[in-house]
Amino acid sequence: MLKGIAASSGIAIAKVYKLQQPVLNIEKKECDSAAEVAKFQAALVKTQADIEAVKAKAEGKLSEEELAIFDAHLMMANDPELSGQIEEMIKNESCNAEFATETVANMMISMFESMDNDYFKERAADVKDVTFRLKCNIVGAVIPDLTTINEEVVIVAEDLTPSDTAQLNKQFTLGFATATGGRTSHSAIMARSLEIPAVVGCAGIMEQASQGDLLILDAVEGQVILNPTPEQVKEYEAKAEAFKAEKEALKVLKDAKSVTTDGHEVELAGNIGTPKDVEGVLNNGGEGVGLYRTEFLYMDSELDFPSEDEQFEAYKTVLEGMGGKKVVVRTLDIGGDKKLPYFTFPEEMNPFLGYRAIRLCLDRTDIFRTQLRALIRASVYGKLCIMFPMIATLDEFRQAKALFEEEKAKLVSEGVAVSDHIEVGMMVEIPAAAVLADQFAKEADFFSIGTNDLIQYSMAADRMSEKVSYLYQPLNPSILRLVKMTIDGAHKEGKWVGMCGEMAGDELAAPVLLGLGLDEFSMSASSILRTRKMIRSLSKQEMEVMAEKALQCGNIKEVTELVKNSLK
């Protein structure tokens with residue numbers, strides 16, 4: 001038995017398909033520069049065509065957000081800086097094309113991997129994927145085609161690139177296990193989207209597994225059993241049936257209320273990145289959209305900021321698609337680990353604490369006003385709530401709201417129809433905002449707690465750093481007190497509070513949040529029905545007593561034990 005990280009829930013039993021990429025033994029050779037440049041250019045054209053083909057196969061299976069990965073790969077394959085450096089090295093050193101490609105690629109990968117910023121670290125994986133395909137095309141090596149799999153298998157690999165994952169056929173690929181990766185890696189995110197069980201970070205799997213071995217993939221507990229006994233197979237077949245039955249049984253809750261045993265109702269909403277994600281929220285019984293990440297509109301635009309009309313169409317589509325259910329739209333949250341190809345951010349020692357989100361929008365009001373106009377125009381098509389990210393001071397919120405009011409007044413004077421019922425609120429993700437929640441609540445219509453940032457700012461720990469990952473503690477009493485402070489401050493003024501960070505869909509955190517008085521839980525669509533089932537099994541009164549005790553605990557371990565004992 002090997003341990004890993006459960007990245008996408010489920011259980012699979014099948015033969016091993018061991019994905020082994022070509023091994024390229026690249027050495028420097030003296031060659032005719034003109035011939036090598038021509039060979040490189042031909043391989044580059046084939047690489048671009050290959051990526052286009054992979055993207056085409058993935059369309060319909062993946063969301064726009066995930067398909068954008070291939071747009072990034074195409075941009076990289078078309079990047080004149082990358083090809084220019086490679087061609088220059090071939091000419092200057094009269095060397096072979098594959099050696100020049102590997103040298104330039106390794107230099108870029110090393111540069112990205114050495115950066116603290118998670119966005120740039122992810123770019124290293126993209127450079128590896130694109131340049132590996134390019135090298136294979138130069139030397140004529142064949143990359144395995146996962147679309148040819150025609151029997152039920154569990155794929156075992158060192159890692160799966162976005163290109164690999166996009167080719168998976170759910171009919172035959174019952175799951176996958178990788179030696180590397182984490183819950184936020186490309187392959188893990190895509191596995192959840194495709195609803196394929198996956199265990200990542202399973203050290204030793206490539207050495208231990210052989211082609212054709214029988215394998216049990218337990219992506220609930222995060223473990224892999226190689227060559228299981230007949231008894232183990234029987235046990236896990238029963239577990240797989242139970243998992244399937246539970247998933248099916250949850251569907252009956254699609255249209256049910258999210259109400260506790262003692263009659264307290266909360267709202268369960270979904271987080272989305274693109275208009276196409278609305279379908280997933282509705283199919284999973286979402287009662288609204290608790291977070292629409294509009295930054296993907298900007299990140300998918302290759303040459304310039306999206307126009308007012310382009311944004312209007314996207315917002316209108318989401319509002320209409322949700323059929324009058326609440327849609328909370330987060331205004332542009334760019335910077336930190338999210339960059340734009342057409343906008344240069346200042347060099348900063350710590351971009352997560354720098355020029356980003358509302359700070360950028362209040363500085364570049366031209367960009368901000370365009371988005372606000374598009375949102376206000378779309379407001380007549382549904383129930384719109386607008387929230388500003390990264391608010392630290394009352395002045396920032398007032399400035400942002402004043403710009404909203406100005407643009408609304410302009411549109412009215414232009415004779416454009418706008419809704420009179422737009423709610424304007426803010427993200428609470430900076431501790432300073434949580435501490436002053438009672439004052440913010442006098443002016444904001446609602447709060448949405450962004451726990452991913454709230455936790456990393458409160459604990460002074462980058463959540464993407466492995467060395468300090470132990471400090472990512474949603475149930476730490478200090479975090480719970482900040483959440484409580486936020487909820488109490490809002491409720492005192494009769495305002496509602498949502499939560500759109502990972503914590504909202506956490507099975508151990510949800511009971512505590514219910515007890516603390518959270519009104520809206522927003523999460524990935526696939527978590528909604530499971531959370532609804534849990535909410536319907538709990539007593540609000542009992543959870544209040546438990547949450548009060550949790551606030552008095554000294555550490556996360558005490559809180560975790562308290563919650564588990566309360567749920568027995």
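These legends walk through a few close-ups of a predicted model.

**View 1. Eight strands line up in an open sheet.** Trace the sheet from one side to the other and you meet β1-β8-β7-β3-β4-β5-β6-β2, in that order. The pairing here is mixed. At the edges you'll find β1 (2–3) and β2 (5–8). Each of these two has a single partner strand, so one side of each is left without a neighbour in the sheet.

**View 2. Here is how β1 joins its partner, β8.** Strand β8 covers residues 223–226. β1 and β8 pair in the antiparallel sense, with two bridges between them. Want a spot to look for? Find Lys3, then look across to Gln223 in β8, its bridge partner.

**View 3. A helix lies across part of the sheet.** The helix is α9, made of residues 230–250. Three strands have α9 lying across them: β3 (11–18), β7 (214–218) and β8. How is α9 angled to β3? The helix runs at about 120° to that strand.

**View 4. Strand β9 is mostly covered and has parallel partners.** β9 takes in residues 267–272, and six of its six residues are buried. It runs parallel to strand β16 (residues 520–523), and four bridges join the two. One pair to pick out is Glu267 with its bridge partner in β16, Glu520. β9 also pairs with strand β10 (residues 288–293), again in the parallel sense, over three bridges. Here, look for Asn271, whose bridge partner in β10 is Leu291. To get from β9 to β10, the chain crosses through helix α10 (residues 278–283). This β-α-β crossover is right-handed.

**View 5. Two cysteines sit without a disulfide.** A disulfide is a covalent bond between the sulfur atoms of two cysteines. How many does this structure hold? The count is zero. Start with Cys136: the closest cysteine sulfur, in Cys31, is 18 Å from its own, so the two are too far apart for a bond. Cys136 is also buried, with a relative accessible area of 0%. Now go to Cys385, which is in no disulfide either. The nearest cysteine sulfur belongs to Cys500, and it is 12 Å away. For a disulfide, the two sulfur atoms would have to be within 2.5 Å. Is Cys385 buried or exposed? Cys385 is buried, and its relative accessible area is 0%.

Conventions:
Residues numbered from 1 in each chain as written. Predicted model: local features only at pLDDT ≥ 70, side-chain atom pairs only at ≥ 80, totals over all residues. Heavy atoms only, no water. Pairing = 2+ DSSP bridges. Contact = heavy atoms within 4.5 Å. Axes fitted to C-alpha atoms, helices over the stretch in contact; angles between N-to-C directions. Buried < 20%, exposed > 50% of the residue type's maximum accessible area, 1.4 Å probe, protein only. Right-handed = clockwise from strand over helix to strand, strands pointing away.
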